[in-house]
Amino acid sequence: MKSTGIIRKVDELGRIVLPIELRRTLDIAERDELEIFMENDRIVLQKFEPACLFCGSSRGLVTYRGKNVCQDCITKMSEY
Ligand SMILES: [Zn+2]
């Protein structure tokens, strides 16, 4: 794990600001969604990329009843 040497304080609402350098490097823009993971005593943030429930693809996604499904899987299911 690479140290950035950056230390940030958590504010009264539990928020921290992600340093601009990290946002630029990881292509994180305003309103992007981050997924929060726990890894033992660590908090891991990862840019959230919606993916198909069945095959993991991020292309041609349709949201149905709150789940993401890609067009390919929809086509395959209709042929089943
Ligand atoms: Zn799929």
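This is a short walk through one protein chain, from its overall layout down to two hairpins and a single threonine.

Before anything else, please keep in mind that the model is predicted.

I'll start with the layout. The domain assignment splits the protein chain into domain 1, residues 1-48, and domain 2, residues 50-80. Taken over C-alpha atoms, the centres of domain 1 and domain 2 are 29 Å apart.

Next, the secondary structure. What does the protein chain contain in the way of helices and strands? The count is two helices and four strands. Reading from the N terminus, the order of elements is α-β-β-β-β-α. The radius of gyration of the protein chain is 17 Å, while the globule rule gives 12 Å for 80 residues; the value is well over the rule, so the chain is more spread out than a compact globule. Along the principal axes, the C-alpha atoms fill a box of roughly 55 × 25 × 25 Å.

Two further numbers for the protein chain. Of its 80 residues, 2% are buried. And if you take the contacts with a separation of 6 or more, residues 24 or more positions apart account for 0% of them.

Now the strands, beginning with strand 1 and strand 2. Strand 1 covers residues 34-39, and it runs antiparallel to strand 2, joined by six bridges. One of the facing positions is I36, which stands opposite L45 in strand 2. The hairpin has two residues between the strands, and N40 takes a positive phi there, near 55°. Is strand 2 buried or in the open? Strand 2 spans residues 42-47, and of those six residues the number buried is zero, so this strand lies largely in the open.

On to strand 3 and strand 4. Strand 3 is residues 61-64, strand 4 is residues 67-70, and the two pair in the antiparallel sense over four bridges. These strands also form a hairpin with two residues between them. In that turn R65 has a positive phi of about 50°.

I'll finish on one residue, T63, which sits in strand 3. Which residue is the bridge partner of T63 in strand 4? That is N68. T63 has 9 other C-beta atoms within 10 Å, and with exposed meaning 12 or fewer, T63 counts as exposed. Its C-alpha is 9.9 Å from that of P50, and the two residues are 13 apart in sequence.

That is the end of the tour; I'll take questions.

Key:
Residues numbered from 1 in each chain as written. Predicted model: local features only at pLDDT ≥ 70, side-chain atom pairs only at ≥ 80, totals over all residues. Domains from an automatic or database assignment. Rg over C-alpha atoms; globule rule 2.2 N^0.38 Å. Buried ≥ 20, exposed ≤ 12 C-beta atoms within 10 Å, placed from the backbone. Contact = placed C-beta atoms within 7 Å. Pairing = 2+ DSSP bridges.
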